[in-house]
Amino acid sequence: VALLPKADPLAGASVFRRCGVCHTDQKGELNKIGPNLWGIIGRKKGAHPGFRYSAAMKAEGGTWSAISLAEYLHNPRRRLPGTTMAFGGLSRPDDIANIIGYLRTLSD
């Protein structure tokens, strides 16, 4: 969280390549194995149209903030037991901050 003010969205776009296997980041693109992440900051959790979320994600409630994304991206399965996201997480705090900086750019 302390690194968020120094986040580098360009570096985050590079980190996002790992996510791009399962997620798209372009407005209006169809979901892949994971939901489209355009507009993820401020979006209700487990509610992107056309994507089948796990029961755990649907039950989570709330909206995605930079802090909740940081916690989730660090270790998805520990943060949300029952999630179907197969990704093990990001261990480097600067990678987490940078990808959140990038995700912040994905909105109207």
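What follows is a walk through the fold, the core and a few single residues of this protein chain. The structure is a predicted model, so everything here is computed from that prediction.

Let's start with the overall layout. The protein chain has 5 helices and 0 strands, and reading along the sequence gives the pattern α-α-α-α-α. Its radius of gyration is 13 Å, close to the 13 Å that the globule rule gives for 108 residues, so the chain is as compact as a globular protein of that length. Put a box around the C-alpha atoms, along the principal axes, and that box comes out at roughly 35 × 30 × 25 Å.

Next come the inside and the outside. Of the 108 residues in the protein chain, 42% are buried. The accessible surface adds up to about 6,200 Å², and carbon and sulfur atoms hold 58% of that area. As for charge, the chain carries 15 positive and 8 negative charges, and the mean positions of these two sets lie 6 Å apart. Contacts also link distant parts of the sequence: among contacts with a separation of 6 or more, 42% are between residues 24 or more positions apart.

Now for the core. The largest nonpolar core has 26 residues, and the members that touch the most others are Phe 16, Ile 99, Ile 100 and Leu 103. Four helices each give two or more residues to this core: α1 (9-19), α2 (55-60), α3 (66-74) and α5 (93-104). The top contributor is α5, with 6 residues. Ile 99 makes a handy close-up: leaving out residues up to four places away in sequence, Ile 99 touches Gly 12, Val 15, Phe 16, Cys 19, Leu 73 and Leu 90.

One of those partners, Leu 73, leads to α3. Leu 73 is among the buried residues of α3, along with Ala 66, Ser 68, Leu 69, Ala 70 and Tyr 72. An α-helix has 3.6 residues a turn, so residues three or four places apart point the same way. The buried residues of α3 pack against α2, α4 (76-79) and α5.

The last stop is the start of the chain. Ala 2 sits in the segment before α1. Is Ala 2 buried or exposed? Ala 2 has a relative accessibility of 70%, and because the cut-off for exposed is over 50%, Ala 2 counts as exposed. Ala 2 and Pro 93 are 91 residues apart along the chain, yet their C-alpha atoms are separated by 9.3 Å.

How values were computed: Residues are numbered from 1 along each chain as its sequence is written. This is a predicted model: local features need pLDDT of at least 70, side-chain atom pairs count only at pLDDT 80 or more; totals for chains, interfaces and linings use all residues. Side-chain values use heavy atoms; hydrogens and water are left out. A nonpolar core is a set of buried Ala, Val, Leu, Ile, Met, Phe, Trp, Tyr and Cys residues joined through side-chain atoms within 4.5 Å. Buried means under 20% relative accessible area, exposed over 50%, partly exposed in between (1.4 Å probe, protein chains only). Contact means heavy atoms within 4.5 Å. The radius of gyration is taken over C-alpha atoms; the globule rule is 2.2 Å times the number of residues to the power 0.38. Accessible areas come from the Shrake-Rupley method with a 1.4 Å probe; for residues, only the protein chains shown count as cover. Lys and Arg count as positive and Asp and Glu as negative; His and the chain ends are not counted. The place of a charge is taken as NZ of Lys, CZ of Arg, CG of Asp or CD of Glu.
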